[in-house]
Each structure stands twice: as C-alpha cells, then as structure tokens.
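Let's work through this one by asking how we know what we say. Each reply sets a value beside its rule and then draws the conclusion.

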Amino acid sequence: MASQLLMAKSPEEAISAKTAQAAFLAGGTEVNRLGSSVDAETLISLKKCSGLDGIESDAGYVTIGSMCTFQQLIESDKVPAYIREAAHFMASRTKRNMATIGGNIASMRRDSYMIPALIAAGAVLELAGSGGSCRIGIEEYLDKAAEYAGCLILSVTVPEKIKLMSKRYSNTAQSHAVLTMSAAVCGDGIVMAAALKNSGIYRLMDFEKALKADPEMSDDDIISWFRNWDAIRVEADMFGGEDYKRYLMGVTACDFRAGLASGSGKEVES
Amino acid sequence: MSKQYKVVHCTVNGKEIEQIVDVRESLTDMLRNDLRLTSVKKGCEVGECGACTVIINGEGFNSCIYLAVWAEGKEIWTLEGLTGPGGELSDIQQAFVDEGAIQCGFCTPGFIMTSWEIVNSGKEYTDDELRKALSGHLCRCTGYENIFRAVKKTMLRHLGKYEEAELVNSQGITEYPEPMPFK
C-alpha cells in the first residue's frame, strides 16, 4: 500500500514525479478501492492538475480531457452519444462522479466500461511522458502497455459522427460485466471490440475479416465462428462457462451486424 | 517508508474543521474515526454499495474511495447535518420513516444523502430516472420499493405537487383518479 501522496498541480509536475515505484491516481475508483491491484509506494494525485478536464469539439472530433468524470461525460452535449452510453454502464452515480475516462483506460480492466467503445470508435490518446508527448491509437496503447506505463494520458479524441453500438452483460447493474462489446461502422466494414471478464480486451479483427470475406454469414455461422475461434483463451469462472461466453459474443456480434445495418447505432444527434 | 500526514481544512455539516490525516486515509475514516460521524457506514470499501455516501460540494460521492486530503476546501454534508437543532428529522428522513423504507438501517444514511441531493435538485425525475439515480445503493432488506416511494413523494412535495404525492401507491406508481387525456 502506498504511504506517500503527491498532489500534482500540473501534468508536468505529475510526469516529473513518476518513477517505477509511483502510480498516477485519477478519480480513485480503482486505485483507492479495497483490494486494488495497483501497488505503488507513491501515488501522484491528478485531482488538482490543471487543464485535464476540458471537453472540446472541433472539425468532427471531440477531445475529452483525461480527468473528465463519467458524470461530466453524460452531462455534456459535446460528448457523442456512444461515449455517454458507455459511461452509463457504470450504474452508480456517486461512482460516476469520481471515475475518470483516463483512469478507466489506464487501469485496463478486463471488464472495462469504456475501452471497447473507444476501440470501435478508433480513439486517439494524447500521452505525455519524460521523453515528450505523442498521439497514438488506443489499440497501440493497449498492445504496448509496458512501454507506455510511465506516460500520463492527457486526452482522448473520438469522432463525433460514427455509427456505434455497445452492449454490456452483467448479473446486476452494479456487478462486474462478463462481457462488454462494441461495434462501429468503418468504411465498408465493421470494427468490433470486446472486453471479456477474466480473459482480456480484444479487437475482434479475425471476425471482422471473416465477415468482410463473407458478408452473408448466417447468424448460426457467426455463433459457431465464435465457438471455434481459438485465437483467444476463454476462462470458465463464476461469471459463466466458456461456451456461454463464446455464445454471448456470437449473438452480440449478430445483433450488432443487424443493428448497424438497420441504422440503430448511436449517432451523435442528441 | 514512513507515513505521511497532512492538515485538511473543510466544512463538515456547516462547521469549519481542521484535521490532521494520514494521506492515504479515506474520507469515510476521517468522518467516522476523527469526527465521530458514524452515519457514514463502511460497507464494501470498493465504491459499490453506497453506504458511505456523503455530499461534497452538492454532489454525492462514495467517501470510502475518496481520499480525506481531497476534501481540502470542500463543503461536506453527512446525515447528521440534515437534522434540525433539536434533532428534528428533515422531510426526507421523515419520509423514510413514514414509508417504512428502513429495516436493518445500514444502507439508510447513504440512501438518504443521495435522496437529499435528488429532492433538492429542483428537477422532476421520471420513475425510471429516479430508479437509476438510486442505483448506486444496495439494500439487502427492503426490496427498494418503500425507499423509492419515500424519495418520489418527497421529490413531488419539494416541487409543490402535494396532491400528486398523495397519489403515489404502494408500488411507487402515481395513480391518477381519472385516466390522463392523450396529448
């Protein structure tokens, strides 16, 4: 458990204090909870950091400061409907008042509320570290987690107008989700991503390719495709068996395909 | 590494306080252990059950995952601050009593703090919105209906809709005497 706390007043101060033994502390819903997986000697609180909680809309894209809380996202007219929907997956308003978009990304939970929607939307992160700042796609951030571990997420940029659908499955509104999945229309194809409890967060590129190769795939074929997909390891646990989780991904993919084709994705008009 | 302490200045239930806290101490611990405000319950300590809810600068927060040092300069209200000088219950507290919205009582302070925020928002929530607004709280006894009814009735009274509040039935549904005309 951390014994030291630094209240950083600027991103620069936070970055300069970051060492291997230190961790950034955003809203606190992950780091401050009992049994947190974050183990650091020093926590660098970002609460007083200036310039990390703005929401700007420009040229078809919305840039969201990493310290924006889920409740701020829900209440902002500038934030696309699909991001607001993902923020609503966190059922507790009192928790939404604390949880931040940057914190939710950086914690990389396998039942992440937000990451599947951000992957499907092709979100771009602005990062800052001791070597300077850069902009990278969220997939790269997740793929090279160790490389970017010392970086602070400054903002998240997402497209305003994109047809995107998300679904979250859990026993109750408050429970951890067994599956959170999102899909978006991208060019003439579909981008799909899933956060599968106790398994991982995936861009479902293999399925995207299979669907592109055979757009007329039947629902049964899709369900069977997920049942036989061996690129990921699906754990059976208290949330459900392997068959159940694979079936859930399959039927959700069917729903997304049908929904996006019929135009029921969340577009921005709000 | 040795522990680190800080002095926190904030207002709790209308009183200015100055408190030395361990920097890793939660607001729940500060309120319960240092200020003896034991209405703030320690339930899950992961921000799921809502029993520790307090109002900070007008909004509800789970104080178990909120660091005490973050309270610097903030205005905090707990259940103890809602009662009158002679211990009179506030209207939302009284509504919980009247509607039997309490059994073991452990979740009640947290529910009341969120309800207090709702009824003082000046907004008329739909039944759906009201249920969602309360969904950050877990109650293992009451089945929620009585709590929902207490909050809905108090919200309507705050909006001056006294007659409508009396029409809320045991399921929390507003029963109008005649069918509402189509709009």
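**How do we know?**

Q: How many residues of chain B are in contact with chain A, and what makes a contact?
A: 32 residues of chain B are in contact with 29 residues of chain A. Contact means that heavy atoms lie within 4.5 Å. Keep in mind that this is a predicted model, in which local features need pLDDT of at least 70 and side-chain atom pairs count only at pLDDT 80 or more, while totals for chains, interfaces and linings use all residues. Residues are numbered from 1 along each chain as its sequence is written, chains are lettered from A and ligands numbered from 1 in the order in which they are written, and side-chain values use heavy atoms, with hydrogens and water left out.

Q: What area do chain B and chain A bury between them?
A: The size of an interface is often given as the accessible area lost when the parts come together. Here that buried area (the accessible area, with a 1.4 Å probe, that two parts lose on being put together, summed over both) is about 2,600 Å². Of this, 51% is on carbon and sulfur atoms.

Q: Why is the pair B:Glu48 and A:Lys95 called a salt bridge?
A: The term needs a side-chain nitrogen of Lys or Arg within 4 Å of a carboxyl oxygen of Asp or Glu. For B:Glu48 and A:Lys95 the N to O distance is 2.8 Å, so the pair fits the rule. Two salt bridges are found across the interface of chain B and chain A.

Q: How many residue pairs are in polar contact between chain B and chain A?
A: There are twelve such pairs, with both residues at pLDDT 80 or more. A polar contact is a pair of N or O atoms within 3.5 Å; within protein, one must be able to donate a hydrogen and the other to accept it, and residues adjacent in sequence count only if both atoms are side-chain atoms.

Q: Which elements of chain B each supply at least two residues to the side that touches chain A?
A: They are strand S4 (59-62) and helix H3 (108-119) of chain B. Helices (H or I, at least four residues) and strands (E, at least two) are DSSP runs, numbered from the N terminus. The largest share, four residues, comes from S4(B).

Q: What makes A:Asp255 and A:Lys167 a salt bridge, and which parts does the pair tie together?
A: Their closest N and O atoms are 3.1 Å apart, so the salt-bridge rule is met. A:Asp255 lies in helix H10 (residues 242-262) and A:Lys167 in strand S9 (residues 164-169) of chain A, so the pair ties together parts that are 88 residues apart in sequence.

Q: How do you know whether A:Asp255 and A:Lys167 are buried or exposed?
A: Buried means under 20% relative accessible area, exposed over 50%, and partly exposed in between (1.4 Å probe, protein chains only). A:Asp255 has 35% and A:Lys167 has 31%, so each counts as partly exposed.

Q: Where does A:Glu208 fall on that scale, and what about its partner A:Arg203?
A: A:Glu208 is at 11%, so this residue counts as buried, whereas A:Arg203, at 25%, is partly exposed. The closest N and O atoms of their salt bridge are 2.7 Å apart.

Q: What can be said of B:Glu166 and B:Arg157?
A: They form a salt bridge, with the closest N and O atoms 3.5 Å apart. B:Glu166 has 53% relative accessibility and therefore counts as exposed, while B:Arg157, at 29%, is partly exposed.

Q: Why is B:Gly172 called buried or exposed, and which residues does B:Gly172 touch?
A: Its relative accessible area is 0%, so B:Gly172 is buried. This residue lies in the segment after helix H6 (162-166) of chain B. Not counting residues up to four places away in sequence, B:Gly172 touches B:Asp127, B:Phe148, B:Arg149 and B:Lys152.

Q: How many helices and strands does chain B have, and what share of its residues is buried?
A: Chain B has six helices and five strands. Of its 183 residues, 50% count as buried.
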